[in-house]
Amino acid sequence: MTALLRYQAALLVRSQRWLPPVILYAAFLGIGVQKGQPVLDSLGYTAAALLPVSAWLMRICVTNEPPAARSCTGAAAGPGRAHLACVLVAFSAAALLGTAATVLVTIISAPTSTDHQTRVESLPAGGAGLLAALVCALLGTAVGALTNRPLLRSRGRAVPALLLGALLALVVAGSPARAAVTALVDGSRHATIPVPVLPLLAAGVLAAAATAVACALTTRRAA
């Protein structure tokens, strides 16, 4: 599995297809996060913007290989394991990006509540923001797993489904991503630091289930 992870990571880095989502994420943060804004509000925006980016990274990883190369990898390591490596690399890239953004946003933001009247400790706030970012990275990975091959092979169907899935994951009631981001925003209003553990667990379960479905279907279609 280690060799597969290294192979998929090398494909992602060398393809440079990661540049557009990373640049888009940086643009989102440049527009929506300004120095001196309340830290929890800024971290909520940072986490929310990561979800569609992580879904995009997932699409990049599962479509990086040409069909012939993908068949060779599946024959050598098993199609399910090969697909799992794509998912893990995509999530790792999203988590790394979200971690870096969370640290930067925590440093430049004001350690205050929304009304700038109450102090909010930066380090615990950054920890809460990191958990929310992981929630969004996991849920974005789940969306990407369910809206790309092997479930949806046509680009004309996969891309709109990915965009719609990312949007719904952010706005639908009961979504772990919405719960985590809302907790940060509400915490900023009341000068309390949330710990979104339940949304993180729920997002992990959803991501694991989506990955299991995608890997199982990959194996079945390759058989």
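The chain holds nine helices and zero strands. This is a predicted model, and what follows describes the chain as it was predicted. Read from the N terminus, the order of elements is α-α-α-α-α-α-α-α-α. The radius of gyration of the chain is 18 Å, close to the 17 Å that the globule rule gives for 223 residues, so the chain is as compact as a globular protein of that length. Along its principal axes, the C-alpha trace spans about 60 × 35 × 30 Å.

The next step is to ask how the chain is packed. Among contacts with a separation of 6 or more, 83% join residues that are 24 or more positions apart. Of the 223 residues, 44% count as buried, where buried means under 20% relative accessible area.

The outside of the chain can be described in a similar way. Its accessible surface comes to about 10600 Å², and carbon and sulfur atoms account for 70% of that area. The side chains also carry charges: 16 are positive and 5 are negative. The centres of these two sets lie 24 Å apart.

Some details of the backbone are found in the loops. Following the chain from α5, which covers residues 79-108, the reader comes to a loop that leads to α6 and contains H116. H116 is not a glycine, yet its phi is positive, at about 65 degrees. Is H116 buried, partly exposed or exposed? Its relative accessibility is 44%. Partly exposed is the class between the limits of 20% and 50%, so H116 counts as partly exposed.

After α6 (122-146) comes another loop, which runs to α7 (155-171) and includes P150. The detail here concerns a peptide bond rather than a phi angle. The bond from R149 to P150 is cis, and its omega is near 10 degrees.

Further along, α8 spans residues 176-190 and α9 spans residues 197-222, and the loop between them contains A191. What is the phi of A191? The angle is near 60 degrees, which is a positive value in a residue other than glycine. A191 has a relative accessibility of 26%, and therefore counts as partly exposed.

To put the parts together, the model is a chain of nine helices with zero strands. The loops described above hold the cis bond from R149 to P150 and the positive phi values of H116 and A191.

Notes
Residues are numbered from 1 along each chain as its sequence is written. This is a predicted model: local features need pLDDT of at least 70, side-chain atom pairs count only at pLDDT 80 or more; totals for chains, interfaces and linings use all residues. Side-chain values use heavy atoms; hydrogens and water are left out. Helices (H or I, at least four residues) and strands (E, at least two) are DSSP runs, numbered from the N terminus. The radius of gyration is taken over C-alpha atoms; the globule rule is 2.2 Å times the number of residues to the power 0.38. Buried means under 20% relative accessible area, exposed over 50%, partly exposed in between (1.4 Å probe, protein chains only). Contact means heavy atoms within 4.5 Å. Accessible areas come from the Shrake-Rupley method with a 1.4 Å probe; for residues, only the protein chains shown count as cover. Lys and Arg count as positive and Asp and Glu as negative; His and the chain ends are not counted. The place of a charge is taken as NZ of Lys, CZ of Arg, CG of Asp or CD of Glu.
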